[in-house]
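Visitor: I should like to understand the reasoning behind the terms used for the contact between two parts of a protein. May we go through them one at a time?

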Amino acid sequence: MSMVTVYIDGNKYSVPEGMSVLQACRMNNIYIPTLCYHPDLTPAGACRLCVVEVNTSKTLVASCVYPVANDMVVQTNSARVRKARKTIVELLLANHPKDCLTCQKSGNCELQKVAQELGVRKIRFDEGERRHHAKDESNPSLVRDPEKCILCGRCVRVCSEVQGMNVYGFQKRGFNTLVAPAFDCGLGEVACSLCGQCSTVCPTGAIVERDDTEKVRNAINDPEKIVLVQMAPSVRVALGEEMGMPAGSIVTGKMVAALRKMGFDYVFDVNFAADLTIMEEGYEFIHRLKNNGVLPMITSCSPGWVNTLELKYPGLIPHLSTAKSPQGMFGAIAKTYFAKKANIDPAKIVTVSVMPCTAKKYEAARDELCDSGFRDIDIVITTRELGRMMRSLNIDFASLKEENFDSPLGASTGAAAIFGTTGGVMEAALRTVAEVVTGKSFDKVDYQQVRGMAETREAVIPVGDLQVKVAVVNTLKAAQEMCKRVVAGTADYHFIEIMACPGGCIGGGGQPLPVDYSKRVLRQKAIMQIDADSLIRKSHENPEIKTLYNEFLGEPLGELSHKLLHTTYKSRQKR
């Protein structure tokens with residue numbers, strides 16, 4: 001790698017040739033404020049907040065798109081630079097709502113942050129005829145407020161570059177420019193996967209998750225209701241971050257303790273249902289292999305991915321596993337098996353899920369998820385929503401003593417934990433499938449071939465006499481490329497895992513902000529550490545799963561499990 005010498009704020013640095021001035025500064029811990037820039041997206045140079053002075057230009061330059069050059073002299077904090085940045089922020093604020101105290105992003109808003117850093121205490125510009133656009137609440141998972149949009153284009157780029165959905169675009173011109181779905185449609189009227197990645201990159205409150213925290217509070221405060229809560233595997237490696245701890249902190253026991261303090265009647269673990277999912281999905285895969293079923297079989301745990309398939313590739317529905325996601329399976333078992341075991345009227349049970357995923361809100365509302373006679377999941381909140389609830393109750397999260405999940409829907413395995421990251425569902429399934437097919441027990445259960453963060457990975461796994469070809473995909477852009485291969489008949493795999501979000505659930509649309517590749521890596525390492533430290537690492541060895549089949553379900557793919565734990569899909573094509 002060729003290196004060049006640059007002088008930044010009077011200090012000499014050696015940096016790789018071709019990188020931007022902003023990257024060179026961040027590489028050397030020199031702070032430059034940004035709004036349109038995001039490390040996971042193509043730089044746009046749109047907001048100009050990152051301007052700096054360089055000796056190679058008479059004008060200020062946007063550091064996120066301006067490349068370094070040998071012997072370049074850079075000033076990042078001169079009076080001229082600060083004046084320009086302050087003016088930019090004042091212009092943005094002049095056309096921005098003044099409802100910071102009630103905004104969902106208050107305290108986590110990047111525009112608010114840079115205004116404080118630059119000492120903006122008054123706005124010299126008259127807001128004039130400020131743009132007025134109605135709030136868009138047509139989407140079941142996300143809420144758009146165009147009034148708060150600063151035209152940074154992050155949502156446009158993440159939806160196009162990372163997810164390949166192309167839902168957003170710039171409309172109109174000049175002062176009337178806005179970011180919205182085509183033809184000024186509501187977000188609920190277009191082919192949106194509900195993945196929520198737009199909400200993770202939005203620097204203001206222009207795109208946020210639909211807030212369902214009040215529904216949870218009302219349920220907890222209702223003396224006629226028994227409220228059960230379950231947490232997804234990736235929440236335990238992200239919630240600490242939301243509560244001010246380092247990224248990748250494992251906070252399982254503290255999370256349980258906090259939920260009990262909040263007033264939940266039972267605190268259960270989605271990991272239990274993840275093990276149950278592996279039993280049903282794993283046996284379904286074996287059944288397809290032995291009976292010439294539709295292959296490749298594709299996992300159905302990620303609702304953002306399922307939505308995309310139904311919206312854009314309905315012809316591939318037969319390839320989807322019919323197994324519900326762990327969230328759905330938990331709800332069905334909670335309102336049947338658990339209700340009977342605890343002698344509780346299922347009509348009084350309220351099931352709450354804490355998820356990393358905004359698409360889970362829509363999944364819970366699907367008509368197909370009522371096979372027990374009741375809705376499987378009543379309320380879904382994200383990791384961010386849970387964090388807001390805890391802060392509103394002044395819970396000192398870091399000082400909480402660790403507690404354990406309730407039984408009988410709380411025991412889990414390392415195989416369930418790794419559901420939280422890309423490749424985890426595949427690896428968990430392989431651990432069970434290998435032993436069921438061969439009838440042997442294996443001490444080595446680490447399938448390194450399917451681990452990592454690459455968007456598409458493939459491997460050939462020996463399972464007895466079979467050579468099982470698998471693929472692991474994350475991000476919807478990579479998923480759509482895989483769909484095209486399946487349609488063309490060139491995806492000669494037996495089993496494909498697809499997750500909608502970058503890195504899988506650890507990078508879900510409801511996870512703590514800000515998030516980028518480095519944060520996802522830390523969360524993934526924590527997930528894998530939970531697995532490595534687990535005494536039981538195979539779903540079929542979970543004692544409570546065994547009891548569930550012995551006492552209630554009978555066998556995987558049996559009549560009762562098929563009724564409660566499997567579902568159907570249908571075309572939902574939109575413009």
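Guide: The following exchange concerns a predicted model and the interface of its domain 2 and domain 3.

Visitor: What makes these parts separate domains, and where do they lie in the chain?

Guide: The bounds come from an automatic or database domain assignment, which divides the protein chain into domain 1 (3-77), domain 2 (91-209) and domain 3 (214-565). The centres of domain 2 and domain 3, taken over C-alpha atoms, are 31 Å apart. Their contact involves 22 residues from domain 2 and 25 residues from domain 3.

Visitor: How do you know how much area domain 2 and domain 3 bury between them?

Guide: The value is the accessible area that two parts lose on being put together, summed over both. For domain 2 and domain 3 this comes to about 1900 Å², with 55% of it on carbon and sulfur atoms. Of the area that domain 2 buries against domain 3, 27% is supplied by Q163, T200 and E209, more than by any other three residues.

Visitor: Why is the pair E209 and R384 called a salt bridge?

Guide: The rule requires a side-chain nitrogen of Lys or Arg within 4 Å of a carboxyl oxygen of Asp or Glu. The closest N and O atoms of E209 and R384 are 2.9 Å apart, within that 4 Å limit, and therefore the pair qualifies. The rule finds two salt bridges across the interface of domain 2 and domain 3.

Visitor: Which helices supply residues to the side of domain 2 that touches domain 3?

Guide: Helix 4 (154-162) and helix 5 (197-201) each supply at least two residues. The residues of that side comprise eight nonpolar, 11 polar and three charged.

How values were computed:
Residues numbered from 1 in each chain as written. Predicted model: local features only at pLDDT ≥ 70, side-chain atom pairs only at ≥ 80, totals over all residues. Heavy atoms only, no water. Contact = heavy atoms within 4.5 Å. Buried area = accessible area lost by both parts, 1.4 Å probe. Helix = DSSP H or I, 4+ residues; strand = E, 2+ residues; numbered from the N terminus. Nonpolar A, V, L, I, M, F, W, Y, C, P; charged D, E, K, R; others polar.
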